[in-house]
Amino acid sequence: MTERAISLLIVEDDLALQKQLKWSLDRFESQAAADATAAVALFRKHLPPVVTMDLGLPPDQDGTAEGFKLLEKLLELDPYVKVIVLTGQNDQANALRAVRLGAYDFLAKPVDPDALSLTVERALRMRELQDENLRLTAAQGGALGGLITRDEAMLRVSRTVEKVARSDATVLLLGESGTGKEVLAQGLHEASGRKGRFVAINCAAIPENLLESELFGYEKGAFTGAAKTTPGKFELAHGGTLMLDEIGDLPFSLQSKLLRFLQERSIERLGGRQEIAVDVRVVGATHQNLKQLISEGRFREDLYYRLAEIVVEIPPLRARHGDPVLLAHAFLKRWATEQRRRAPTLSDDALRALETHVWPGNVRELQNIIKRACIMAEGERISAEDLGLQAVATETESEELDLRAVRERAERRAVVAALARSDGNIAKASELLGVSRPTLYDLMARLQIK
């Protein structure tokens with residue numbers, strides 16, 4: 001470990017020992033406190049990753065009550081802080097109790113300086129690994145690595161997809177165009193553990209007379225131009241997942257063949273006579289109202305209930321609070337990586353425009369706007385003009401009289417927006433909110449925001 005300034009809090013009421021500890025740990029930038037009140041104040045201000053503390057603190061120097069209360073308070077302020085407890089030679093019971101409460105380690109007094117320095121280094125290394133793991137987990141958005149969101153509704157969608165991934169249930173994804181249905185379908189496939197391929201086909205993009213052969217394949221000579229036997233998408237996805245995008249546009253004549261596959265789990269190639277067993281998990285996706293199509297006689301009701309074993313409704317981007325800015329930052333970084341350039345930053349008016357735009361084209365529209373702005377912007381800063389957007393007034397929410405619910409919703413919206421604007425930088429987010437970092441961590445923990 002390289003020698004560098006690290007924030008470290010030393011809690012010790014014996015001023016001579018406090019001075020000795022600071023001298024032993026002079027390679028670290030340390031703060032010292034003689035009692036619990038001063039320790040909490042310094043911890044809130046500096047949020048050090050490691051704390052060394054004596055359990056016997058005033059006004060109960062001969063007991064451990066104050067020390068344990070302080071330990072619990074520090075862990076409440078930061079669950080990942082590494083607390084090293086310094087105890088008397090014959091005080092192993094309290095040392096073990098401290099570890100059970102969440103302390104990282106304990107050392108007996110008189111403390112060997114080398115042992116203490118090594119323990120602090122190990123604690124710092126562990127904290128760095130935890131912070132890196134949390135950062136990577138947050139960036140991946142859980143098991144669905146391609147999904148980027150902090151919105152509550154979208155996180156519920158993610159958890160639903162993760163739950164059903166290991167089953168063989170047919171999944172129907174409903175949502176407007178550009179909301180990320182294919183990203184979720186790919187995430188479902190990757191989380192399922194299926195060894196085959198992920199294959200996607202857009203039912204609206206292929207003419208009806210070609211769609212059947214694309215899906216089910218054809219035998220040699222089945223029609224003019226069929227020079228050789230060709231497997232269809234079902235066979236290509238054997239052992240994997242087949243996504244039928246825009247399934248609401250599937251021709252009525254092919255709906256009965258799809259229903260038969262879902263019942264029998266076998267297909268016949270066009271022009272063939274042989275049943276071919278296929279192990280495929282089907283994921284349907286559409287922006288249309290299938291129940292309305294059923295009432296209009298354009299979609300089979302029995303097929304709908306076969307497809308809708310699990311229905312996942314994806315909220316539009318305009319309803320996903322904080323996600324437009326969060327996704328914009330992610331797309332900027334992706335573009336910069338692809339172009340091997342420094343990522344541009346977003347100006348305040350660009351952030352406001354991203355937050356207030358209604359996003360009729362959803363994530364796909366946002367991605368295109370960011371790409372165009374990266375290309376057209378003159379400098380390293382992207383403005384609302386570069387985005388081609390203007391801030392608009394948002395609709396007023398319906399009146400809510402429950403003050404607790406109103407306050408919690410307002411706090412959540414503010415925290416999520418600040419984290420999105422700051423691209424996850426806690427220091428910047430707390431500055432935007434006008435609170436300290438520990439207060440923001442408390443808010444995030446209470447609101448269950450990662």
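This report describes the domains, the two sheets and the aromatic contacts of the structure shown above. The model is predicted.

**Domains**

The chain is divided into four parts by the domain assignment: domain 1 covers residues 7–139, domain 2 covers 165–220 + 230–313, domain 3 covers 318–387 and domain 4 covers 403–447. Between domain 2 and domain 4, the C-alpha centres are separated by 42 Å.

**The sheet that begins with β2**

One open sheet consists of five strands, arranged in the order β2-β1-β3-β4-β5 with parallel pairing. Strands β2 (29–33) and β5 (105–108) each have a single partner strand and stand at the edges, so one side of each has no neighbour in the sheet. On average, and with direction ignored, neighbouring strands of this sheet are turned by 20° against each other.

Within the sheet, strand β1 (residues 7–11) runs parallel to strand β3 (residues 50–54), and four bridges join the two. One of the residues involved is L9, whose bridge partner in β3 is V51. Helix α1 (residues 15–24) packs on this sheet, where it touches β1, β2 and β4 (82–87). The direction of helix α1 makes about 170° with that of β2.

**The sheet that begins with β7**

A further open sheet of five strands has the order β7-β8-β11-β6-β12, and its pairing is parallel. Its edges are formed by β7 (198–202) and β12 (310–313); each has a single partner strand, so one side of each is left without a neighbour in the sheet. The average turn between neighbouring strands of this sheet is 20°, direction ignored.

Strand β8 (residues 241–245) and strand β11 (residues 281–286) run parallel and are joined by five bridges. Here D245 has A285 as its bridge partner in β11. Two helices that pack on the sheet can be described in turn. Helix α6 (residues 152–164) touches β6 (171–174), β11 and β12, and its direction makes about 155° with that of β12. Helix α7 (residues 181–192) touches β6, β7, β8 and β11, and its direction makes about 165° with that of β11.

**Aromatic pairs and charges over rings**

The structure contains four aromatic pairs. In one of them, the ring centres of F234 and F261 lie 4.6 Å apart with the planes at 55°; this angle falls between the limits for stacked and edge-to-face, so the pair is tilted. F234 belongs to helix α9 (residues 233–236) and F261 to helix α10 (residues 252–264), so the pair ties together parts that are 27 residues apart in sequence. Both F234 and F261 are buried. Together with F216, these residues form one aromatic cluster.

Another aromatic pair is made by Y304 and Y305, with an edge-to-face arrangement: the distance is 5.1 Å centre to centre and the angle between the planes is 75°. Y304 counts as buried, at 9% relative accessibility, whereas Y305 is exposed, with a relative accessible area of 53%.

Charged side chains also sit over aromatic rings, including the ring of F216. The table lists two such contacts.

| Charged residue | Ring beneath the charge | Distance from ring centre |
|---|---|---|
| R97 | F68 | 3.8 Å |
| K257 | F216 | 4.4 Å |

F216 thus appears in two settings: F216 shares an aromatic cluster with F234 and F261, and the ring of F216 lies under the charged end of K257.

Note on methods:
Residues are numbered from 1 along each chain as its sequence is written. This is a predicted model: local features need pLDDT of at least 70, side-chain atom pairs count only at pLDDT 80 or more; totals for chains, interfaces and linings use all residues. Side-chain values use heavy atoms; hydrogens and water are left out. Rings of Phe, Tyr and Trp (its six-membered ring) pair if their centres lie within 6.5 Å; planes under 30 degrees apart count as stacked, over 60 as edge-to-face and the rest as tilted. Buried means under 20% relative accessible area, exposed over 50%, partly exposed in between (1.4 Å probe, protein chains only). A charge sits over a ring if NZ of Lys or CZ of Arg is within 6 Å of the ring centre and within 35 degrees of the ring normal. Two strands pair if DSSP finds at least two bridges between them. Axes are lines fitted to C-alpha atoms, for helices over the stretch in contact, and angles run from 0 to 180 degrees between N-to-C directions. Contact means heavy atoms within 4.5 Å. Domain bounds come from an automatic or database domain assignment.
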